[in-house]
Each structure stands twice: as C-alpha cells, then as structure tokens.
Amino acid sequence: MSGSEKLHAVTLEVNSARKTIVVEARKLLVHLIREDLGLTGTHVGCDTSQCGACTVEIDGRAVKSCTVLAVMADGASITTIEGLTRPGAELSPIQAAFHEHHALQCGFCTPGMVMSVRQLLNDQPDPSEQDIRHGLAGNICRCTGYHNIVRAVESLAPKGVQP
Ligand code: FES
Ligand code: FES
C-alpha cells in the first residue's frame, strides 16, 4: 500500500457477528473475508470471476465475493460457509447431502457450491436436474464431480429441506 492510499472503515454483519474492518478502497470482499476475518472456507479459485469458489451470501443472495469491493459491502449482512454450522454441531442439510452422496473430491469448490445450492433451493424448492445444472453453472468443479453434486441436490429437493 502506498503511504497516501486512503483507508475506509467497513462495517459488516458476518455470520451474525458485527465486524468493522479498515481496508484499502481496492480490497476485494473475498480478501477481507479470508485475510482480515480468517474465514478461509471461502476460496479463490480463479482471477476471472468464473469459478464460484468465492461464493458467499450478501443480504441473502449468493454472490461471487471476488466481484465485490469490500467497501461496496459496507452495512451488508454476509454469510460464509462457516456460518452454516457451529463447531461440533451437525452439518447443515446441504453439507450432509454432499457428504452422503460423495459430492466432493478435493473439496476446493465445495463451499461455493454449497452457498449456490442454498440460493438454488431458496429460489426453486423442487428443481429438475436441468434446473440444478443451470443453477450451478457459475460454479466450476475441477474434479468434475458434477454427477454426484446433482444427486446430492436432488436428494434434498423432494424433502422440502430448508437450506
Ligand atoms: S475466485 Fe471468485 S469466481 Fe473464481
Ligand atoms: S471437488 Fe475438487 S474442484 Fe470440486
């Protein structure tokens, strides 16, 4: 950072906890989440806004956090993958379905996938296979584990599980 770079205070509610962080204007939200808050479940998998590994919820909508400047999120409510469970608690329904259906290999894409599935099931509680594939089109799995990811989501949909 140059000595003349202006700093900005950003206040967020992150996983139900209020946080104020001082950042450079150019800092991306994904870097605030990982570097300043230590929430490293949100991943950076590309530098082209394509992979979806950085997906979090901003005010209840799934967003690629590498596409948002931290200062733009001032005042927002953010949920990251860490916000879906508490240490020692049971997995959330989507996480449990991924586990049960072997919907991950290396797991790098998984947090972003789970956040996108939450959005998908909120928007479409009973999606078809085509809906699921369309809903996850912004998330890349480099292990190409899509088949089991789709099966995991299908297992949730008919049960009306709240994500
Ligand atoms: S790191 Fe955000 S889309 Fe890849
Ligand atoms: S499980 Fe490896 S990138 Fe998706």
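The questions and answers below look at the overall build of a predicted model, then at one helix and one loop residue.

Q: What makes up the chain, and in which order do its elements run from the N terminus on?
A: The chain holds five helices and five strands, and from the N terminus on these elements follow the order β-β-α-β-β-β-α-α-α-α.

Q: How do you know whether the radius of gyration of the chain agrees with that of a compact globule?
A: A compact globule of 163 residues would have a radius of gyration near 15 Å, and because the chain has 16 Å, the value agrees with that expectation. Along the principal axes, the C-alpha atoms of the chain fill a box of roughly 55 × 30 × 25 Å.

Q: What share of the residues in the chain is called buried?
A: A residue is called buried when its relative accessible area is under 20%, and buried residues make up 44% of the 163 residues in the chain. The area that the chain exposes is about 8500 Å², of which carbon and sulfur atoms supply 50%.

Q: How do you know that the length of α3 agrees with that of a helix of 14 residues?
A: Helix α3 covers residues 110-123, and at 1.5 Å a residue its 14 residues should span 20 Å; the C-alpha atoms at its ends are 20 Å apart, so the two values agree.

Q: Why is α3 described as largely enclosed by the rest of the structure?
A: The description rests on a count, because twelve of the 14 residues of α3 are buried. Among them are Thr110, Pro111 and Gly112 towards one part of the list, and Gln119, Leu120 and Leu121 as well.

Q: What covers the buried residues of α3?
A: The cover includes the strands β3 (55-58), β4 (61-64) and β5 (77-79), together with the helices α2 (93-100), α4 (129-135) and α5 (146-156).

Q: Where is Pro127 found, and why does it count as buried or exposed?
A: Pro127 is found in the loop between α3 and α4, and because its relative accessibility is 7%, which is under the 20% cut-off, Pro127 counts as buried.

Q: Which residues is Pro127 in contact with, leaving aside its neighbours within four places in sequence?
A: With those neighbours left aside, Pro127 is in contact with Leu121, Ile132 and Ala157. Leu121 is itself one of the buried residues of α3. Thr85, which is 42 residues from Pro127 in sequence, lies 24 Å from Pro127 in space, C-alpha to C-alpha.

Methods
Residues are numbered from 1 along each chain as its sequence is written. Chains are lettered from A and ligands numbered from 1 in the order in which they are written. This is a predicted model: local features need pLDDT of at least 70, side-chain atom pairs count only at pLDDT 80 or more; totals for chains, interfaces and linings use all residues. Side-chain values use heavy atoms; hydrogens and water are left out. Helices (H or I, at least four residues) and strands (E, at least two) are DSSP runs, numbered from the N terminus. The expected span of a helix is 1.5 Å times one less than its number of residues. Buried means under 20% relative accessible area, exposed over 50%, partly exposed in between (1.4 Å probe, protein chains only). Contact means heavy atoms within 4.5 Å. The radius of gyration is taken over C-alpha atoms; the globule rule is 2.2 Å times the number of residues to the power 0.38. Accessible areas come from the Shrake-Rupley method with a 1.4 Å probe; for residues, only the protein chains shown count as cover.
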